Amino acid sequence: MYISKIQLRDWKAYESAEFNFPAPIPGENGKNIVLIGAPNGYGKTSLYQAIILCMFGKDGMPLVSNSMFSETENVSEQPYKTFLEKALHRGAIARGRYSCSVTLEFIGDEGPIEISRIWHFTESGECQVQDEDIQIFEGEKHQAVGPDEKPYPERKLSHQERVDWYRGYIAHTFLPRSLVTFFVFDGEQVRVLAGREMKEQVRLGIEGLLGIPELRKLAKNLNDYAEQRQNSVPNVTNDSANATEKELKKLESNRDKSVGAFADIFPKLSAAKKERDKIMDELLRLGAGAKNQSNQQYKRLAECETAIKEGNERLMKLLSEDIALALSGAKLRGQLKARVKSENIRANWESGKQQGDSRIDNFLQDMDQKMDDIVPPISDQQQGEVLHIAHNSWTNLWFPPPDGCAEEYLHEYLSVHERNLVIDKLNEQDNLGAVEIFGLLNSISEHENRLKQIRDEVARIEAVEPAVNEKRKSMEKLDSKIQDLGRESDRLTRERQGLDGQVDAKRKELARMRSTIDEAKPAMRRAERARAVATMMEGIIDDAVPGQIDKISEEMTRAHRAMAHKKDLVQCIKIDDAGDVKLLDREDRDVRNNDLSAGE
């Protein structure tokens, strides 16, 4: 098979161009290589890129981005879209042409095959990648082939199904993407081949010929399928359910301990505060003329302590509740809101449809009775046809489903009201920002600094006698003890609240596991089978290359001797199991260690 014709329309510098190529000359000494030459900047690389992207589309991006041996399987859409927008002929949009295309004609044993790929653009030059068209025609009669042609299923295929069909057709009819660099390449990149280690070239070449990249992809797909199956249902074996029940009991025990510890701290904290109040009264009496000033300072001291405590409680509430949702990211929250809204649309649609279906029989019965009064009378057959049409019209009122309707439920455990509550909660997080948190932290810091200043002022006012100093030291110890007890109380409160949430979640999890344990078993069996097949394929891949080493060595030796001017320079080529290549002379020395010329 060979390329006989290339047609370009609004592709880079080619507004409209057609290239025709001769058929290969048969025979051992025949010419079967087409070399395209031109000065720099005359479109050689553009033509190469057109061939690659016409055949492989987005999958060909690693081959046109100066990476001849890229092993990347998944290419993101954005680089492909950006490349195509630059590839559109600069005068096309101005002349009212909003697409570009590349057409390749191949001649094979079964006749001609033509493949065209068409890319569409908006008036602003933005590429509509999702509207990309692929057209394939076979034979002299120009017979169209594709996923939409019979005998394929009579349903609308998804975009990914169509892409997979064309990818498979091109790989089977022409060659896989992993082998294209050995048949079509940019001459300017030849030195990339020469500059690479032979070990890598040989490995990639053998793997490509054996179809190993496809096996790797299939093994990966099987592992992905297994993981998806496992993730689609809870792993609810009896052992896991029992383990979850043990975890629940442990959480409940920890929560009870936390509650008990909090109950022990509360009397100690109250006693310490009473003792501090008593010492404070004694300090006021000892302060004599500074009593009024001391009263004001202690009042401010209490206000600062209250403000600090309230600020810390607000901060802990944000950290334990709202921040977690806020950190999930606007994109994820937006996807969840969109999903929940679409399921509400479906719930309302199904509710309306069920209500309508429940009353259709009464409607038809009433209509049947009233048709008896039509003048002139109609026949029973006509009356039956009218009722049949009315029934079909009533049913069609509910199809298709409304825009934005979810195809299925992912969150069927939620009612419409609960979904609305979820949406409201997520909307609240959109307004939660760093400004509120930093403001809260600044407020706490300011009150702590003020608290220190007030305490220092109290100490200065009251430090008039040794008794006052002694009371002040006692006050400081009590303040420290109260702060420690307060922090421990706050910690236990947060711990208890966290454990309450974990206990509630674990109880729900255990209930779900118990109710779905039978439903999970078939999916888990399928996942295990997929992983077993993937493991088998990985073993095949490990054994495939070494099994072909000797044959490849012989073919490389033959090809090298056919091309080399110095027939006695390399006697044979040896490859080890790792793919490392040695070019041996008559004395079994690797000639690559010699000082060879660039051509050699």
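**An aromatic cluster, two cores and a set of salt bridges**

Trp119 is buried, with a relative accessibility of 0%. That value, like everything else described here, comes from a predicted model. Trp119 makes a handy starting point for a walk through the structure. Setting aside its neighbours within four places in sequence, Trp119 is in contact with Trp11, Leu53, Cys54, Tyr80, Leu84, Tyr98, Ser99, Cys100, Ser101, Val102 and Glu132.

One of those contacts, Trp11, is also a ring partner. The ring centres of Trp11 and Trp119 sit 5.4 Å apart with the planes at 35 degrees, so this pair counts as tilted. The two residues come from distant parts of the chain, with Trp11 in strand 1 and Trp119 in strand 4, 108 residues apart. Trp11, too, comes out at 0% relative accessibility, which puts it among the buried residues.

The model holds six aromatic pairs. Another of them, also tilted, joins Trp11 to Phe83, at 6.5 Å from centre to centre and with 50 degrees between the planes. Here again the chain is brought together from distant parts: Trp11 belongs to strand 1 and Phe83 to helix 3, with their positions 72 residues apart. Trp11 and Phe83 are both buried. Taken together, the ring pairs tie Trp11, Phe83 and Trp119 into a cluster.

Phe83 leads on to helix 3, which spans residues 77–87 and has Tyr80, Lys81, Phe83, Leu84 and Ala87 as its buried residues. These five residues sit on the same side of helix 3, because the arc they cover around the axis is only 165 degrees. What does this buried set of helix 3 pack against? The partners are strand 1 (2–11), helix 1 (44–56), helix 2 (61–64) and strand 4 (111–120). Two of these elements are already familiar from the ring cluster, as strand 1 carries Trp11 and strand 4 carries Trp119.

The two tryptophans turn up once more in the largest nonpolar core. This core has 46 residues, and the members that touch the most others are Trp11, Leu53, Met55, Leu104 and Trp119. Helix 1 supplies the largest share, with nine residues. There is also a second core, separate from this one, made of 19 residues and including Ile265, Leu269, Tyr298 and Leu492. As a general backdrop, nonpolar side chains tend to be buried together in soluble globular proteins.

Charged pairs are the next stop. Side chains of opposite charge can pair when their charged atoms come close. The count for this model is 26 salt bridges. One of them joins Lys220 to Asp224, with the closest N and O atoms 2.9 Å apart. Both residues lie in helix 7 (residues 212–232), and the four-residue spacing between them is about one turn of the helix. Residues three or four places apart on an α-helix point the same way, because there are 3.6 residues a turn. Are the two partners buried, exposed or in between? Lys220 is partly exposed at 45% relative accessible area, and Asp224 is partly exposed as well, at 25%.

A similar arrangement shows up in helix 14 (residues 466–547), where Arg491 and Glu488 are three residues apart, again about one turn of the helix. Their side chains meet in a salt bridge with an N to O distance of 2.6 Å. Arg491 counts as partly exposed, with 34% relative accessibility, and Glu488 is partly exposed too, at 28%. Elsewhere, Salt bridges that share partners link Arg9, Asp10, Glu15 and Arg97 into one network. A further salt bridge joins Asp585 and Arg589, at 3.2 Å from N to O. Asp585 has a relative accessible area of 11%, so this acidic partner falls below the 20% cut-off and is buried.

The last site worth a look is Thr557, which is found in helix 15 (residues 549–563). Is Thr557 buried or exposed? Thr557 is buried, with 14% relative accessible area. Its side chain reaches the backbone nitrogen of Ile573 at 2.9 Å. Leaving out residues up to four places away in sequence, Thr557 touches Gln571, Cys572 and Ile573.

Key: Residues numbered from 1 in each chain as written. Predicted model: local features only at pLDDT ≥ 70, side-chain atom pairs only at ≥ 80, totals over all residues. Heavy atoms only, no water. Salt bridge = Lys/Arg side-chain N within 4 Å of Asp/Glu carboxyl O. Buried < 20%, exposed > 50% of the residue type's maximum accessible area, 1.4 Å probe, protein only. Arc of directions from axis to C-beta. Contact = heavy atoms within 4.5 Å. Core = buried A, V, L, I, M, F, W, Y, C linked by side-chain atoms within 4.5 Å. Polar contact = N/O pair within 3.5 Å; in protein donor to acceptor, adjacent residues only side chain to side chain. Phe/Tyr/Trp six-rings, centres within 6.5 Å; stacked < 30°, edge-to-face > 60°.
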